[in-house]
Amino acid sequence: MNLRKKKQLAAKVLGAGTHRIIFNQDNLKEIKEAITKQDIKDLFSQGIISIKPIKGRKKFIKRKNKKGPGSIRKNVRKRKRDYIILTRKLRAHLKEIRNDDKIKNKKYYLLRKQIKNKMFKNKQHFKESIK
């Protein structure tokens, strides 16, 4: 007796996969006569049709989220942004000093290299090191 279509109908009505639907072997004639969705629901409530429990991992147990490479990028951007702001500030100040003829060109280029190498923490530290 081929009950594949009945199994598919029961799976659709009960919201489970076809492999999880179990028919009671004693009542196969009643299952064969069931045509409508309501008939399938009635057979399920009587216990003639049953559903196997799900095997394996349950969906509601959430796995721990690991920190991937995508979340590290944020900090790098911030550090780079801070470096850019400080460098521009110090270079502008250095340019003003050179235009006022307070330092020579050799010293100017040396200080530019030091700014690039991030030797100074802030503008005040830069001013102190020049003196």
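This is a conversation between a trainee and a mentor about reading the features of a predicted model.

Trainee: Let's begin with the overall layout. How many helices and strands does the protein chain have, and in what order do the elements run?

Mentor: Keep in mind that we are looking at a predicted model. The protein chain comes to six helices and two strands. Read from the N terminus, its elements run α-β-α-α-β-α-α-α.

Trainee: And what share of the residues counts as buried?

Mentor: Of the 131 residues in the protein chain, 21% count as buried. The word "buried" here stands for a relative accessible area under 20%, while "exposed" stands for over 50%. We will need those two cut-offs again as we go along.

Trainee: Good. How should I read salt bridges, and how many does the structure hold?

Mentor: The idea is a side-chain nitrogen of Lys or Arg within 4 Å of a carboxyl oxygen of Asp or Glu. The structure holds one such bridge. Its partners are K78 and D82, whose side chains meet at 3.9 Å, N to O.

Trainee: Where do K78 and D82 lie relative to one another?

Mentor: Both belong to helix 4, and they are four residues apart, which is about one turn of the helix.

Trainee: Are K78 and D82 buried or exposed?

Mentor: K78 has a relative accessible area of 55%, so it counts as exposed. D82 comes to 42% and is therefore partly exposed.

Trainee: Now to charge on the surface. Which residues form the positive patch?

Mentor: The positive surface patch is formed by K89, K102, K123, K127 and K131. Take K102 as an example: you will find it in the loop between helix 4 (73–99) and helix 5 (105–116). Its relative accessible area is 65%, so K102 is exposed.

Trainee: I also like to check backbone angles. Which residue in the loop between helix 4 and helix 5 has a positive phi?

Mentor: Look at D101, which is found in that loop. Its phi is near 60°, a positive value in a residue other than glycine. D101 has a relative accessibility of 68%, so it counts as exposed.

Trainee: What about K118, and where is it found?

Mentor: K118 is not a glycine either, yet its phi is positive, at about 65°. This residue sits in the loop between helix 5 and helix 6 (123–130). With a relative accessible area of 52%, K118 is exposed.

Trainee: On to the rings. How many aromatic pairs are there, and what is the geometry of the one made by Y108 and Y109?

Mentor: For geometry, the angle between the ring planes decides the class, and over 60 degrees counts as edge-to-face. The structure holds two aromatic pairs. In one of them, Y108 and Y109 are edge-to-face, with 5.2 Å from centre to centre and 75° between the planes.

Trainee: Which of these two tyrosines is buried?

Mentor: That is Y108, which counts as buried because its relative accessibility is 6%. Y109, at 47%, is partly exposed. In the other pair, F120 and F126 have ring centres 4.9 Å apart and planes at 75°, so that pair is edge-to-face too. Both F120 and F126 are buried.

Trainee: Last topic: contacts between residues separated along the chain. What separates the C-alpha atoms of T87 and K116?

Mentor: Here you compare separation along the chain with separation in space. T87 and K116 are 29 residues apart along the chain, and their C-alpha atoms are separated by 7.1 Å. T87 itself lies in helix 4. Its relative accessibility is 5%, so T87 counts as buried.

Trainee: And which residue is ten residues from R98 along the chain, with its C-alpha atom 7.1 Å away?

Mentor: That is Y108, the tyrosine we met in the aromatic pair. R98 is another residue of helix 4. Its relative accessible area of 24% makes it partly exposed.

Methods. Residues numbered from 1 in each chain as written. Predicted model: local features only at pLDDT ≥ 70, side-chain atom pairs only at ≥ 80, totals over all residues. Heavy atoms only, no water. Patch = residues over 30% accessible without salt bridge, like charges linked within 9 Å, V, L, I, M, F, W, Y side chains within 5 Å. Areas by Shrake-Rupley, 256 points an atom, 1.4 Å probe, with all protein chains shown as cover. Lys, Arg positive; Asp, Glu negative; His and termini not counted. Charge placed at Lys NZ, Arg CZ, Asp CG, Glu CD. Buried < 20%, exposed > 50% of the residue type's maximum accessible area, 1.4 Å probe, protein only. Phe/Tyr/Trp six-rings, centres within 6.5 Å; stacked < 30°, edge-to-face > 60°.
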